Amino acid sequence: MAGAVTKGGSGGNVFAIGAADPRLLAEPLDYLETEHYRMRAVLSLLERFVSEPKPRVRAATARLAVDFIRSDLLLHVLDENDGLFPLLRIRCDVADGLDRILARIAEEPARGAATCAEIVRKLLAACHGRAVGKGVRVAVERFVGSQRRLLALEDAFVLPLARQRLTDADRSWLSRQMSERRQ
Ligand SMILES: [Fe+2]
C-alpha cells in the first residue's frame with residue numbers, strides 16, 4: 001500500500017516510505033488522503049528517531065524525514081492552501097463550519113514554514129551524526145503532535161466535506177493543478 005514503511009539497505013535498518021501512486025492524481029481527494037497516510041508513516045518514524053540509539057539508523061531516519069518535509073509535505077500544503085481550500089470556500093455554506101476548521105488548521109505550528117524549517121535544521125544536524133539532545137527531542141515531539149492534530153482535522157472534517165461539496169469540474173481542476181505542480 002502507498003505510504004507503507006519498508007525496510008531497505010544492507011543492514012535492514014534503514015527505512016523508506018513508499019511513493020504515492022501518480023495515477024491517483026486523477027482522483028485528487030484520494031491522492032490527498034494517501035499523502036496523509038504517508039505523513040503518518042513519517043511521524044511514526046520521527047517518534048522512533050528521538051529514542052533511536054544507533055547513529056546510522058538515526059541519520060537515515062532524519063534524512064528520510066527531511067526529504068519528505070522538503071518535497072512531499074511542501075507540495076501537499078500547496079495542494080491544500082492553493083487548491084482544495086479555496087475551492088471549499090466557494091462551495092461550502094456557512095453552516096458547514098469551514099471557516100472555523102480552516103482557522104484551526106492555520107493556527108497549528110506545523111502548518112507554518114518557520115516550524116518546518118526549524119525541524120529540518122534540527123534533523124539535518126542529526127544526519128551529520130549529532131546526538132539527539134533535549135531541544136531536538138522536544139521540537140520533534142511538538143512537530144509530530146501538531147501534524148497529527150492537522151491530520152485528524154483534515155481527515156475528520158475537510159476531506160469528507162470536499163467529497164460532499166466539490167463538483168466533478170472542481171475535482172478535474174484540482175487534479176490538473178496538482179499534476180502540473182509535480183511536473
Ligand atoms: Fe493535508
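**Exercise 1. Classify Asp-72: buried, exposed or partly exposed, and place it in the fold.**

Solution.
- The model is predicted. Start with the neighbour count: 17 other C-beta atoms lie within 10 Å of Asp-72.
- Apply the cut-offs. A residue with 20 or more is buried, and one with 12 or fewer is exposed.
- The count of 17 falls in between, so Asp-72 is partly exposed.
- Next, locate the residue. Asp-72 sits in helix α2.
- List its contacts, leaving out residues up to four places away in sequence. Asp-72 touches Glu-35 and Arg-38.
- Finally, set sequence against space. Asp-72 and Gly-18 are 54 residues apart along the chain, and their C-alpha atoms are 12 Å apart.

**Exercise 2. Describe how helices α1 and α2 pack.**

Solution.
- Fix the elements. Helix α1 covers residues 28–49, and helix α2 covers residues 55–91.
- Take the geometry. Their axes are 10 Å apart, at an angle of about 150 degrees.
- Angles over 145 degrees count as roughly antiparallel. Therefore α1 is roughly antiparallel to α2.
- Add the hand: α1 passes α2 in a left-handed crossing.
- Name the residues in contact. On α1 they include Leu-32, Glu-35, Arg-38, Met-39 and Val-42. On α2 they include Ala-65, Phe-68, Asp-72, Leu-73 and His-76.
- Link back to Exercise 1. Asp-72 is one of the α2 contact residues, and it touches Glu-35 and Arg-38.

**Exercise 3. Determine how α4 and α5 are oriented to each other.**

Solution.
- Fix the elements again. Helix α4 spans residues 113–127, and helix α5 spans residues 134–165.
- Read the geometry. The angle is about 135 degrees, with the axes 10 Å apart.
- Test the class. Roughly antiparallel needs an angle over 145 degrees, and roughly perpendicular runs from 65 to 115.
- The angle of about 135 degrees meets neither condition, so α4 and α5 are oblique to each other.
- The crossing of this pair is left-handed.
- The contact uses Thr-115, Glu-118, Ile-119, Lys-122 and Ala-126 of α4. From α5 come Val-136, Ala-139, Val-140 and Phe-143.

**Exercise 4. Decide whether Leu-166 is buried or exposed, and find what it touches.**

Solution.
- Locate the residue. Leu-166 lies in the loop between α5 and α6.
- Count neighbours: 21 C-beta atoms fall inside 10 Å.
- The threshold for burial is 20 or more, so Leu-166 counts as buried.
- Find its contacts, again excluding residues up to four places away in sequence. Leu-166 touches Leu-87, Arg-91 and Arg-171.
- Check one pair. Leu-166 and Arg-91 are 75 residues apart along the chain, yet their C-alpha atoms are separated by 6.7 Å.

**Exercise 5. Summarise the fold of the chain and its overall dimensions.**

Solution.
- Count elements: the chain has 6 helices and 2 strands.
- Order them. From the N terminus they run β-β-α-α-α-α-α-α.
- Compare sizes. The radius of gyration is 17 Å, close to the 16 Å that the globule rule gives for 183 residues, so the chain is as compact as a globular protein of that length.
- Add the extents. The C-alpha trace spans about 50 × 30 × 25 Å along its principal axes.
- Check burial: 27% of the 183 residues count as buried.
- Check contact range. Among contacts between residues at least 6 apart in sequence, 72% join residues at least 24 apart.

**Exercise 6. Locate where the prediction is most and least confident among the elements.**

Solution.
- Start with the average. The mean pLDDT of the chain is 90, and 92% of residues reach 70 or more.
- Find the extremes. Strand β1, residues 5–8, is lowest at a mean of 56, and helix α6, residues 168–181, is highest at 97.
- Look at residues 9–13. There pLDDT stays under 50, and the model has 4 contacts beyond four places in sequence.

Definitions and conventions
Residues are numbered from 1 along each chain as its sequence is written. This is a predicted model: local features need pLDDT of at least 70, side-chain atom pairs count only at pLDDT 80 or more; totals for chains, interfaces and linings use all residues. pLDDT is the predictor's confidence in each residue, from 0 to 100. Helices (H or I, at least four residues) and strands (E, at least two) are DSSP runs, numbered from the N terminus. Two residues are in contact if their C-beta atoms, placed from the backbone, lie within 7 Å. The radius of gyration is taken over C-alpha atoms; the globule rule is 2.2 Å times the number of residues to the power 0.38. Axes are lines fitted to C-alpha atoms, for helices over the stretch in contact, and angles run from 0 to 180 degrees between N-to-C directions. Angles under 35 degrees count as roughly parallel, over 145 as roughly antiparallel, 65 to 115 as roughly perpendicular and the rest as oblique. A crossing is left-handed if the near helix is turned anticlockwise from the far one by less than a right angle, and right-handed if clockwise.
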